[in-house]
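Work through the following exercises with the structure in view, trying each task before reading its solution.

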Amino acid sequence: MQQGADIQQRIARISAHLNPPTNHFQVEGASSLLRDVCRAKGGSPGFKVAILGAAGGIGQPLALLMKTNPLVSVLHLYDVVNTPGVTSDISHMDTSAVVRGFMGQNQLEDALTGMDLVIIPAGVPRKPGMTRDDLFNINAGIVKTLSEGIAKRCPKAIVNVISNPVNSTVPIAAEVFKKAGTYDPKRLLGVTMLDVVRANTFVAEVLGLDPREVNVPVVGGHAGVTILPLLSQVQPACSFTQEETEYLTSRIQNGGTEVVEAKAGAGSATLSMAYAAVKFADACLRGLRGDAGVVECAFVSSQVTELPFFASRVRLGRNGVEEIYTLGPLNEYERVGLEKAKKELAGSIDKGVAFVRK
Ligand SMILES: NC(=O)c1ccc[n+]([C@@H]2O[C@H](COP(=O)([O-])OP(=O)(O)OC[C@H]3O[C@@H](n4cnc5c(N)ncnc54)[C@H](O)[C@@H]3O)[C@@H](O)[C@H]2O)c1
């Protein structure tokens with residue numbers, strides 16, 4: 001009899017990725033998410049991560065890469081379409097993270113319950129001729145709804161916002177969390193890592209170095225002139241002519257548009273974005289684990305400028321953002337760029353705040 005019950009339980013675990021046990025989920029430290037229920041495949045303890053928009057162009061490769069991350073023990077894939085297929089596919093990978101799929105608004109809260117990290121690539125991408133701001137009307141509503149779910153079911157999670165326009169969607173999430181009384185500015189981060197990844201790549205090409213050895217701080221925001229690569233602070237130390245500086249700055253600022261045009265209507269950056277999102281999520285998880293010296297750029301609540309949000313170099317730790325670094329000495333070209341960036345950023349931030357307060 002006991003043996004029969006064990007077998008039933010084992011079968012239930014094997015099929016759990018498509019039939020998550022919703023009834024016994026609880027908020028925060030959910031007992032149902034403890035090892036015996038979720039960690040069907042064993043492996044070392046890790047973090048619980050949810051991807052919202054997991055069936056999309058970014059979501060799918062992002063889910064694939066997060067499934068290979070040894071710091072992840074539970075991976076929840078949520079979307080409004082196609083999650084069963086993506087979940088079934090990814091769940092066959094022989095890595096230790098247990099994958100569960102959730103589809104549609106009525107499963108959002110179950111997808112979020114007890115998560116340590118929530119990554120949001122949900123929304124529509126750009127088509128040629130569109131700016132990131134043109135996406136505002138659709139994506140603002142999506143990010144608002146998802147943030148309401150987070151406030152309810154995993155208010156202490158670190159949140160990585162990818163959905164554009166990041167310069168407005170991060171303030172939207174902040175306003176939702178403030179309304180719910182759960183806002184912790186250290187835990188809300190807009191993902192600008194793709195700008196850094198591009199900057200590292202393009203600068204390494206110019207210098208003839210391995211991109212993995214190059215570190216370019218990119219500050220400001222994540223759209224056009226708000227993307228401000230600080231080429232005077234590149235590691236390893238180097239210098240550029242004015243012509244090189246202008247070329248590199250423009251290529252980094254327009255990297256997204258370069259991909260949108262090359263894809264000719266089929267969307268925006270997805271593969272390099274998934275890589276960048278995973279690089280950033282991994283840094284957040286290493287911070288949560290307590291690793292020292294985890295420093296990346298992100299769009300966060302900040303007092304580095306007079307604006308309420310600004311992308312800066314931040315140190316990540318057990319509570320999310322533990323330190324925000326000042327901009328350091330800027331050259332004249334960067335100072336002019338900073339003023340332009342701040343002007344545009346102010347409008348985008350206000351637009352996000354107004355969307356929730358209206
Ligand atoms: N931060 C960055 O650097 C960066 C870079 C590239 C793209 N993006 C942005 O990422 C977003 C996604 O891009 P993509 O190429 O993956 O788009 P996509 O259309 O391929 O995928 C988006 C996914 O979101 C899902 N979705 C829509 N509404 C949803 C909802 N309410 N809840 C959950 N999921 C929902 C869709 O079903 C789809 O699967 C876009 O806003 C894009 O502009 C950001």
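## Exercise 1: a residue in a helix

Ala341 lies in helix α12, which covers residues 332–357; helices (H or I, at least four residues) and strands (E, at least two) are DSSP runs, numbered from the N terminus. The model is a predicted one, in which local features need pLDDT of at least 70 and side-chain atom pairs count only at pLDDT 80 or more, while totals for chains, interfaces and linings use all residues. Residues are numbered from 1 along each chain as its sequence is written.

Task: decide whether Ala341 is buried or exposed, and find which residues Ala341 touches.

Solution. Begin with the cut-offs: a residue is buried if 20 or more other C-beta atoms, placed from the backbone, lie within 10 Å of its own, exposed if 12 or fewer, and partly exposed in between. Ala341 has 26 other C-beta atoms within 10 Å and is therefore buried. Next, take two residues to be in contact if their C-beta atoms, placed from the backbone, lie within 7 Å. Leaving out residues up to four places away in sequence, Ala341 touches Gly220, Gly221, Val225, Thr226 and Leu228. Finally, compare sequence with space: Ala341 and His222 are 119 residues apart in sequence, yet their C-alpha atoms are 9.9 Å apart.

## Exercise 2: a helix and the core

Task: find how far apart the end C-alpha atoms of α11 are, and which element gives the most to the largest nonpolar core.

Solution. The expected span of a helix is 1.5 Å times one less than its number of residues. The 19 residues of α11 should therefore span 27 Å, and its end C-alpha atoms are 27 Å apart, which agrees. The buried residues of this helix include Met273, Ala277, Phe280 and Leu285, and α11 is followed by Gly290, whose phi is positive, near 105 degrees.

For the second part, a nonpolar core is a set of buried Ala, Val, Leu, Ile, Met, Phe, Trp, Tyr and Cys residues joined through C-beta atoms within 7 Å. The largest has 103 residues, and those with the most contacts inside it are Ile51, Leu117, Val118 and Ala277. To this core α11 gives the most, with 10 residues.

## Exercise 3: unusual backbone geometry

Task: locate the cis peptide bond from Asn164 to Pro165, and state how exposed Asn82 and Ala264 are.

Solution. As background, most residues other than glycine have a negative phi, and most peptide bonds are trans. The bond from Asn164 to Pro165 is cis, with omega near -5 degrees, and Pro165 is found in the loop between β5 (158–161) and α7 (166–180). Another cis peptide bond joins Gln235 and Pro236, with omega about -5 degrees, and Pro236 lies in the loop between β8 (227–229) and α9 (242–253).

Turn then to phi. Asn82, in the loop between β2 (72–79) and α4 (83–91), has a positive phi near 60 degrees; with 16 other C-beta atoms within 10 Å, Asn82 is partly exposed. Ala264, in the loop between α10 (255–263) and α11 (271–289), has a positive phi near 45 degrees, and with 9 C-beta neighbours inside 10 Å, Ala264 counts as exposed.

## Exercise 4: confidence

Task: find where the pLDDT is below 50.

Solution. The predictor's confidence in each residue, pLDDT, runs from 0 to 100. Its mean over the chain is 91, and 91% of the residues reach 70 or more. Over residues 21–43, however, the pLDDT is below 50, although this stretch has 36 contacts in the model beyond near neighbours in sequence. Where pLDDT is low, the predicted coordinates should not be read in detail.
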